[in-house]
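Work through the following exercises with the sequence and the structure side by side. Each one sets a task and then solves it step by step.

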Amino acid sequence: MQRLNINSLSLSQGQQSTGFSPSSVPGLTMWVKSDFGAYNTGTTPATNGQTVTTWKNVASGGDFVQATGGSKPLFVTGVQNGLPSLRFDGIDDFMGNATFSVPATATLFIALKAVTVGVFGQRYFGFNNDNAGIFDNTTSYGYFGTQTATIVNLGGTLTTAALFTLNYAALNSCQAFRNGTSVTTFDPSNDYTNTGLAIGAEDLVGTKPTNCDIFEMIIYNTSLFAVDQAAVERYLINKWRIV
């Protein structure tokens with residue numbers, strides 16, 4: 001019987017690989033995706049050009065919300081592989097979850113794209129008070145850890161869609177991947193375990209907002225085995241046609 005190599009599949013616009021869901025991997029604690037659960041008001045899905053008040057966490061741990069009208073991101077259709085995004089304006093847009101916390105061992109995935117090349121240090125997401133997260137690193141993407149002022153270059157090209165994986169094996173050890181390939185291992189110095197998580201900025205008051213498209217973000221409360229991590233990465237790379 002011939003085996004099917006999922007990495008060789010050519011997916012048409014908006015098509016996703018079948019037979020896998022991130023929920024099949026144990027430890028899923030946060031999962032937001034722009035093609036489901038982006039609500040304009042209440043549980044009314046946002047349509048093209050409308051603001052998003054609630055972004056449903058389809059795993060657990062509470063939803064991401066923004067009650068201030070001028071700080072709500074837009075729902076924009078047809079952005080990447082025929083699928084929508086949540087677009088943050090880089091001025092004051094962000095969404096927050098005040099109760100979510102990342103444990104000492106965790107694995108984080110985020111599919112994103114800068115809309116414009118912004119100011120150095122602007123965050124795509126942040127762990128609230130410690131302010132660590134992925135940011136604009138002049139011409140590429142980077143990771144910043146506040147406690148040791150660590151700047152880690154993650155590479156890539158701003159305004160080009162990318163998938164980043166952060167596998168936190170311990171408080172002092174994180175392996176970073178871009179588009180499924182290892183970039184570096186660094187010491188995050190326990191700068192990611194605060195309560196509260198912001199998307200589109202570094203903290204829950206909207207500091208250092210970024211003009212970006214956020215497609216999907218997934219967090220597990222464990223350091224995933226390589227086979228499970230690779231399966232989630234294939235799902236996201238194929239879904240969002242990230243190359």
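The expected span of a helix is 1.5 Å times one less than its number of residues. The model used throughout these exercises is a predicted one.

**Exercise 1. Check whether the end-to-end distance of helix H1 agrees or disagrees with its expected span.**

Solution. Begin with the extent of the helix: H1 covers residues 226-240, which makes 15 residues. At 1.5 Å a residue, and with the count lowered by one as the definition requires, the expected span is 21 Å. The end C-alpha atoms of H1 are 21 Å apart, and therefore the distance in the model agrees with the expectation. Then look at which side chains of the helix are hidden: the buried residues of H1 include Gln229, Val232, Tyr235, Leu236 and Trp240, and among them are also Glu233 and Lys239. Just after the helix comes Arg241, whose phi is positive, near 50°.

**Exercise 2. Describe the surroundings of Asn167, starting with whether the residue is buried or exposed.**

Solution. First place the residue: Asn167 lies in strand E14, which runs over residues 162-170. Its relative accessibility is 8%, and because buried means under 20%, Asn167 counts as buried. Next list the partners beyond four places in sequence, which include Ala106, Thr107, Phe177 and Leu224, as well as Cys174 and Gln229; Gln229 is also one of the buried residues of H1. Among these contacts, Ser223 deserves a separate step, since its side chain and that of Asn167 are joined by a polar contact of 2.5 Å. Finally, compare sequence with space: Asn167 and Leu108 are 59 residues apart in sequence, while their C-alpha atoms are 6.4 Å apart.

**Exercise 3. Determine how many disulfides the structure holds, and how accessible Cys174 and Cys212 are.**

Solution. Recall that a disulfide is a covalent bond between the sulfur atoms of two cysteines. A search of the whole structure finds zero of them. Cys174, which is in contact with Asn167, has a relative accessibility of 0% and so counts as buried. Cys212 likewise counts as buried, because its relative accessibility is 0%.

**Exercise 4. Work out the strand order of the open sheet of three strands, and name its edge strands.**

Solution. The order is E11-E12-E13, with antiparallel pairing. The edges are strand E11 (133-137) and strand E13 (150-155), each of which pairs on one side only. From one strand to the next, the twist averages 35°. For the pairing of E12 (residues 140-145) with E13, count five bridges between these antiparallel strands, and note that Gly145 stands opposite Thr150 in E13.

How values were computed: Residues are numbered from 1 along each chain as its sequence is written. This is a predicted model: local features need pLDDT of at least 70, side-chain atom pairs count only at pLDDT 80 or more; totals for chains, interfaces and linings use all residues. Side-chain values use heavy atoms; hydrogens and water are left out. Helices (H or I, at least four residues) and strands (E, at least two) are DSSP runs, numbered from the N terminus. Buried means under 20% relative accessible area, exposed over 50%, partly exposed in between (1.4 Å probe, protein chains only). Contact means heavy atoms within 4.5 Å. A polar contact is a pair of N or O atoms within 3.5 Å; within protein, one must be able to donate a hydrogen and the other to accept it, and residues adjacent in sequence count only if both atoms are side-chain atoms. A disulfide is a pair of cysteine sulfur atoms within 2.5 Å. Two strands pair if DSSP finds at least two bridges between them. Axes are lines fitted to C-alpha atoms, for helices over the stretch in contact, and angles run from 0 to 180 degrees between N-to-C directions.
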